[in-house]
Amino acid sequence: MTATAERKPAGGRKIAPRVDMPCQPAGERIRNFEEVALGYTQQMATEEARRCLQCKNPKCVKGCPVEVPIRDFIGQLAKGDLEGAYRTIKSTNSLPGVCGRVCPQENQCEGACVLNAKGQPVAIGRLERYVADTYMALDACDHLAARLTCPAVDPELRVACIGSGPASLTVAGYLSARGIKVTVFEALHEVGGVLVYGIPEFRLPKSAIVEKEVQALRTQEVDFVTNWVGGRTFSIDDLFAEGYRAVFIGVGAGLPRFLGVPGENLTGVFSANEYLTRVNLGRAYAFPDYDTPVYQGRNVTVYGGGNVAMDAARTALRLGAESVRIVYRRTRDELPARHEELEHAEEEGVILELLANPVAFHGDEMGRLTGVTLQRMQLGEPDASGRRSPVPVEGDTYELPTDLAVIAVGTRPNPILLEATPQLKLSRRGYIEVNEETGETSIPNVFAGGDIVTGAATVILAMGAGRRAAKEIRRRLKGGE
Amino acid sequence: MPCKILEKERLIPGQTSKLVIDAPHIAKKAQPGNFVILRVCEKGERIPLTIADADPERGTITIVYLVMGKSTALLETLDAGDSILDLCGPLGKPTHIEKAGTVICVGGGTGIAAMHHIAKGHHKAGNHVVAVIGARSKDLLLFYDELSSFCPEVLVSTDDGSFGHKGLVTDLLRQRLETDKTVSEVVAVGPVPMMAAVAKTTEPFGVKTTVSLNSIMVDGIGMCGACRVSVGGETRFACVDGPEFDGHKVDFNELRQRLAAFKPQEKASYDHHCKCTCAGEK
Ligand SMILES: Cc1cc2nc3c(=O)[nH]c(=O)nc-3n(C[C@H](O)[C@H](O)[C@H](O)COP(=O)(O)OP(=O)(O)OC[C@H]3O[C@@H](n4cnc5c(N)ncnc54)[C@H](O)[C@@H]3O)c2cc1C
Ligand SMILES: Cc1cc2nc3c(=O)[nH]c(=O)nc-3n(C[C@H](O)[C@H](O)[C@H](O)COP(=O)(O)OP(=O)(O)OC[C@H]3O[C@@H](n4cnc5c(N)ncnc54)[C@H](O)[C@@H]3O)c2cc1C
Ligand code: SF4
Ligand code: SF4
Ligand code: FES
């Protein structure tokens, strides 16, 4: 119970503090890959839902890129109407179990909630997660029952999605619920994009959550074709020739950036994508039962400060590292990761090596990583954007021993489809250019959204983009509003 | 979508086999130089294998593999009629093929099979293809008949002299380059030391040399950087920028070291496999 929580708002009513979400204890969870946050109980959810003021003009909704009717679902939940709450959320969000877990709520819905002024916004994400999980746990027939409200799928109205991340899944959910036949083509052997190969199991359980959401789409007659690579196995022209009426490109921005410093190709230096893909998609945490190996690091260093860096660091801890350091150029205040992830990482023992930047990796005669030279940084004058950018402290470098380095400094657009489709107009940075309102690319009836348009962003922004494009596709295929 | 194995031929029993796989969608698009990534079973690793041949009419592709460790050993347990769980392709940039005169295609070990598809492409483009292939001994030599069926010349070397020249493929290559000034390109596919030696052999002659790199891969679509190689001092991704590169610019030493990255784990995995080769798990 913090001091702010005790303060009285303008109305004179006391605001109860946010209900905490129970977690696996840090000492235990670093030894397993099970989910860290355990979710609310019914009692906790009801108590938290009752904190919502049911604002006439709910600010929270404006903070949500897919406009979940937040006030309404929380109202239903407070009254014990779980089914109603689920339907309300699902009316605009096809992946509530995912969003409740991974949205950066502090910058989105919860950041906009009126109670945030007192530092105690309604825990919208946790409630959304509670509703999704509890509803999902119900009998499968209930899910099927929800279909009766959807029109029958018209096999002639066919739309193809390339890539199966949250952007494409949203398009598939929106269109299939409106009677349009969607086929999703995915290059990898599993469906879900970053949700399956990037974000770790302990933050987003694959079979319990992602697969269930995908399964729900299957019951809406969405087809998923895996191992099918746009630009290699098929082209966009092939799709139109086969009778697809529109195409949505959601191939993400997964090409890893490296730092461009000496020693970067030593064995033991990985991109975060490789490290996380081996562990998540390849289930390397269960090696050798599963065949994909991963490097065992003792002294691990991770470069970057976003969610990806947090995920890599916490994964390394769980795989048995003795020490894990996150090396970041700025200070703790500028770390772009979700607050909850940063807190969880620190609780688990991840060390923050702040104001430091790698300048060279060193190896032994076999080409294996043994250490890194770091440059001490300081924050300089604010630049045009108002951010204080880091500048090196002249002559101040130091060494750290490290045998596993994970580079998480961002990504670039996935290249294959773009190279194979030269007609597609790209931005200066190499991402696909779209009409902001419709999501349409320079090729008629070809739409795009998510990281391949914006560069690496968030699940919910990718979903927002998917929703925009899907609305336009529906309008073109079926007319009206 | 699982893909069915139509034919299996044990080229060198227990070591190397050839599979003809039903995969019309890949066969339709496959070009010389392309590869596939496959996963044998649910718990399996994604491994890259070159498309050694493709028949778009029949809808099949051919792969030839050497049993190296767990994944290829698992693949070896499959027979005609069985299916491969995941098969993804065609991946990689196709070989750059143009009518250029004489092209020498060098293959070593299992690389001969992969080289065969490239040689065929050069032959179809109207080039005079000289195949130079090597193995430790006569019974380990692959694809001699297939290559002979369209290459006007097939030169062979074996380590023990049981067939053709006794020695290395690079001996044959050097002899040829010394006497034949019409050679416009040399292509080499095989073990890393062989490709490095080929590049070194051709360098003084200034002949364009293309090598097909087999770095470790995970996704094969440019998303992980596992396959990165240094070419002319720049980092390139073998799966999307290659797998073929200018042999005179490749840092073979780095490639060799990176290929050894998972040695202890690969051994553990293989031992685990041998200990519990339960058919039920495949
Ligand atoms: C480790 C990690 C942690 C993250 N944590 C968070 C978080 O906590 N909260 C948050 O909001 N965001 C997070 N993000 C970011 C978020 O996951 C992405 O912004 C989001 O997934 C983008 O969605 P997308 O649909 O554009 O593409 P992606 O999720 O990237 O999916 C693209 C899919 O397309 C496939 N593909 C690529 N090329 C082809 C092709 N040619 N043919 C067919 N398929 C192809 C890919 O295999 C992939 O499956 C994280 C990202 C990572 C990597
Ligand atoms: C583009 C490409 C095309 C290839 N084409 C063929 C082919 O047509 N036929 C064929 O037999 N092999 C080919 N390879 C190599 C093949 O992918 C590996 O032999 C295979 O992944 C080994 O898997 P494993 O689990 O059986 O052995 P592992 O247990 O993974 O490895 C055993 C040993 O093989 C070496 N190794 C591991 N990965 C590779 C690799 N990618 N390339 C070379 N050596 C490796 C390591 O030194 C390791 O110690 C190709 C590789 C690439 C990248
Ligand atoms: S989808 Fe994300 S941003 Fe929208 S309400 Fe849910 S948690 Fe908040
Ligand atoms: S702004 Fe906050 S208090 Fe108001 S309706 Fe939204 S969640 Fe409830
Ligand atoms: S194999 Fe992952 S980028 Fe090439």
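1. A nitrogen atom of ligand 1 sits 3.2 Å from a polar backbone atom of Ala187(A), which is a polar contact in the sense used here (a pair of N or O atoms within 3.5 Å; within protein, one must be able to donate a hydrogen and the other to accept it, and residues adjacent in sequence count only if both atoms are side-chain atoms). An oxygen atom of ligand 1 is 3.0 Å from a backbone N or O atom of Val194(A), and an oxygen atom of the ligand is 2.9 Å from an N or O atom in the side chain of Arg203(A). The protein buries 96% of the 1,000 Å² that ligand 1 exposes when taken alone, with accessible areas from the Shrake-Rupley method and a 1.4 Å probe (for residues, only the protein chains shown count as cover).

2. On provenance, this is a predicted model, in which local features need pLDDT of at least 70 and side-chain atom pairs count only at pLDDT 80 or more, while totals for chains, interfaces and linings use all residues. Residues are numbered from 1 along each chain as its sequence is written, chains are lettered from A and ligands numbered from 1 in the order in which they are written, and side-chain values use heavy atoms, with hydrogens and water left out.

3. Ligand 1 lies between chains A and B. Its surroundings comprise 37 residues, of which Val102(A), Glu186(A), Arg203(A), Gly230(A) and Asp451(A) come nearest; a residue is counted as near if one of its heavy atoms lies within 4 Å. By class the shell holds 20 nonpolar, 12 polar and 5 charged residues, where Ala, Val, Leu, Ile, Met, Phe, Trp, Tyr, Cys and Pro count as nonpolar, Asp, Glu, Lys and Arg as charged, and the others, Gly among them, as polar. Helix 11 (166-176), helix 16 (307-318) and helix 20 (459-478) of chain A each give at least two residues to this shell, and the largest share, 3 residues, comes from helix 16 of chain A. Helices (H or I, at least four residues) and strands (E, at least two) are DSSP runs, numbered from the N terminus.

4. Which residues of ligand 2's surroundings come nearest? Of the 21 residues around ligand 2, they are Pro48(B), Leu66(B), Met68(B), Thr72(B) and Glu266(B). A nitrogen atom of ligand 2 is 2.8 Å from a polar side-chain atom of Thr50(B), and a backbone N or O atom of Val64(B) is also placed 2.8 Å from a nitrogen atom of the ligand, whereas an oxygen atom of ligand 2 is 3.4 Å from a polar backbone atom of Leu259(B). Of the 840 Å² of accessible area that ligand 2 has on its own, the protein covers 88%.

5. Around ligand 3 are residues of chain A, including Cys64(A), Cys99(A), Cys103(A), Cys109(A) and Glu128(A). This shell divides into 6 nonpolar, 3 polar and 1 charged.

6. Turning to the interface, 45 residues of chain A are in contact (heavy atoms within 4.5 Å) with 43 residues of chain B. The two chains bury about 3,800 Å² between them, with 55% of that on carbon and sulfur atoms; buried area is the accessible area (1.4 Å probe) that two parts lose on being put together, summed over both. Lys43(B), Met223(B) and Arg228(B) supply 18% of the area that chain B buries against chain A, more than any other three residues.

7. There are 4 salt bridges between chain B and chain A, a salt bridge being a side-chain nitrogen of Lys or Arg within 4 Å of a carboxyl oxygen of Asp or Glu. The side chains of Asp291(A) and Lys70(B) form a salt bridge, at 2.4 Å from N to O. Across this interface 18 residue pairs are in polar contact, both at pLDDT 80 or more. The side of chain B that touches chain A takes its largest share, 6 residues, from strand 8 of chain B, and by class that side has 17 nonpolar, 12 polar and 14 charged residues.

8. Over all chains the structure holds 44 salt bridges. In one of them Glu348(A) pairs with Arg29(A), the closest N and O atoms being 2.5 Å apart. Because Glu348(A) lies in helix 17 (residues 339-348) and Arg29(A) in helix 2 (residues 26-29) of chain A, the pair ties together parts that are 319 residues apart in sequence.

9. Some backbone details merit a check. The peptide bond between Phe287(A) and Pro288(A) is cis, with omega about 5 degrees, and Pro288(A) is placed in the loop between helix 15 (272-280) and strand 7 (299-303) of chain A. A cis peptide bond also runs from Gly89(B) to Pro90(B), with omega near -5 degrees, and Pro90(B) belongs to strand 8 of chain B. Gln54(A), although not a glycine, has a positive phi of about 50 degrees.
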